[in-house]
Amino acid sequence: MPFKRYVEIGRIALVNYGKDYGKLVVIVDVIDQNRALVDAPDMVRGQMNFKRLTLTDIKIDIKRVPNKKTLIAALEAADVKNKWESSSWGRKLIVQKKRASLNDFDRFKIMLAKIKKAGVVRQELAKLKKETTA
Amino acid sequence: MLGLGQRFPPFHTAFEPAALHRSYTTTESMAPKDRKPHVCRNPDLIRGVGKYSRSKMYHKRGLWAIKAKNGGAFPKHEKKAAAAAPAEKPPKFYPADDVKKPLVNKRKARPTKLRASITPGTVLIILAGRFKGKRVVFLKQLSSGLLLVTGPFKVNGVPLRRVNQSYVIATSTKVDVSGVSVEKFDDKYFGKKVEKKKKKGEGEFFEAEKEEKNTLPHDKKDDQKTVDAALIASIEAVPDLKSYLGARFSLKSGMKPHELVF
């Protein structure tokens with residue numbers, strides 16, 4: 001089982017603990033065995049322990065410690081946002097956020113929609129069963 | 001004292017204190033709008049230590065100028081002749097033990113503070129009582145602090161009713177209540193009717209009277225209908241809202257109240 005995602009300059013990681021929980025950051029430098037210098041368009045560049053990061057599949061092409069402008073340009077060029085939001089991991093996180101922000105009324109509407117969908121599926125299943133037995 | 005008069009003209013033209021321009025007869029209450037907010041004359045360097053010394057402050061306040069205007073002495077008002085207090089007779093009775101006076105209580109009773117999330121038209125979830133779990137529409141807060149809510153009655157069976165704010169979850173769903181007038185409802189409307197006690201009739205008489213009084217008077221039913229008519233119209237405008245209000249709320253498996261957004 002070789003490793004597929006490496007810590008390298010330009011690797012996009014997800015912060016999984018702390019003040020910036022849930023943010024996508026770019027590893028712009030490695031400080032030592034345990035820490036990396038990370039940067040994101042909406043935060044001040046700073047150090048973070050690798051334990052707080054979860055590596056993703058996305059990598060961008062940057063030199064070591066670029067300035068903010070270059071970093072943002074590189075992120076745009078690689079289209080990180082869309083790649084992330086279309087990946088299954090990214091989509092899962094979006095769904096989780098949406099579910100957490102649901103209103104009581106929204107939850108009710110979803111319940112109605114689920115029942116409706118299940119009803120339609122059951123009808124189709126019944127039809128298919130009839131066809132196979134007939 | 002004479003030396004004071006010599007000092008004024010060359011030194012103090014730059015320091016004209018405001019005191020010279022104000023007349024002594026105007027008080028704060030007479031023309032509050034004309035005054036500009038006064039900047040502190042003696043700013044704090046640190047807490048407890050002003051920038052200017054006592055003698056400098058005396059000069060800044062213009063007390064020297066007020067005195068000069070008044071001929072060397074600070075102007076005094078004559079003491080008002082104190083109204084002769086009526087001669088108090090010594091009391092006839094002194095209590096043996098000191099009687100304690102109750103402490104002064106200047107608190108005013110006012111209705112409970114309404115949560116910011118509760119505004120007219122908010123859908124509330126009632127948590128206790130006969131209608132627990134029911135989703136109702138909030139109309140207004142009464143003077144006692146209780147909340148006036150209605151089902152509407154046709155939708156979920158909750159009539160015009162008072163509910164305590166503490167037994168209610170406010171959702172973020174709002175219903176349009178602009179067409180509803182709730183002015184006539186107050187705590188007295190909901191109070192228990194005072195029954196005239198009739199001790200003469202006992203046994204059968206009593207039971208007959210009780211049965212009569214259990215039905216709602218017609219005017220209350222009409223009030224319910226008028227309030228609900230406008231409400232139901234605005235409820236039906238929103239899809240699924242009517243069935244939402246008709247359904248009861250319950251916690252299902254996996255729902256964590258502290259994580260739920262209502």
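How many residues of chain A are in contact with chain B, and how many residues of chain B are on the other side? Ten residues of chain A touch 18 residues of chain B. Hi everyone, let me walk you through this interface. One thing up front: what you see is a predicted model.

Let's start with confidence. For the complex, the predictor reports an ipTM of 0.82 and a pTM of 0.70. Chain B has a mean pLDDT of 83, with 81% of its residues at 70 or more. Two stretches of chain B deserve some care. In residues 10–15 of chain B the pLDDT is below 50, and that stretch has four contacts in the model beyond near neighbours in sequence. Residues 22–29 of chain B also stay under 50, and there the model has eight contacts beyond four places in sequence.

Now to the interface itself. Together, chain A and chain B bury about 980 Å², and 57% of that is on carbon and sulfur atoms. On the chain A side, the residues that lose the most area to chain B are Asp104(A), Phe105(A) and Phe108(A), which together make up 54% of what that side buries.

Please keep Asp104(A) in mind for a moment. The rule finds one salt bridge across this interface, and Asp104(A) makes it with Arg135(B), at 3.1 Å from N to O. There are also four residue pairs in polar contact between the two chains, both partners being at pLDDT 80 or more. Helix H4 of chain A, residues 104–133, supplies the largest share of the chain A side that touches chain B, with six residues. Sorted by class, that side has five nonpolar, two polar and three charged residues.

Next, the aromatics. Over all chains, the structure holds six aromatic pairs. In one of them, Phe105(A) and Tyr244(B) have ring centres 4.6 Å apart and planes at 40°, so the pair counts as tilted. Phe105(A) sits in helix H4 of chain A and Tyr244(B) in helix H9 of chain B, residues 241–246, so this pair joins two chains.

Finally, a look at salt bridges in general. Over all chains there are 17 of them. One, within chain A, links Asp39(A) and Lys68(A), whose closest N and O atoms are 2.8 Å apart. Asp39(A) belongs to strand S3, residues 35–40, and Lys68(A) to helix H1, residues 68–78, both of chain A, so the bridge ties together parts 29 residues apart in sequence.

That's my tour, thanks for listening!

Conventions:
Residues numbered from 1 in each chain as written. Chains lettered and ligands numbered in written order. Predicted model: local features only at pLDDT ≥ 70, side-chain atom pairs only at ≥ 80, totals over all residues. Heavy atoms only, no water. Contact = heavy atoms within 4.5 Å. Buried area = accessible area lost by both parts, 1.4 Å probe. Salt bridge = Lys/Arg side-chain N within 4 Å of Asp/Glu carboxyl O. Polar contact = N/O pair within 3.5 Å; in protein donor to acceptor, adjacent residues only side chain to side chain. Helix = DSSP H or I, 4+ residues; strand = E, 2+ residues; numbered from the N terminus. Nonpolar A, V, L, I, M, F, W, Y, C, P; charged D, E, K, R; others polar. pLDDT = per-residue confidence, 0-100. Phe/Tyr/Trp six-rings, centres within 6.5 Å; stacked < 30°, edge-to-face > 60°.
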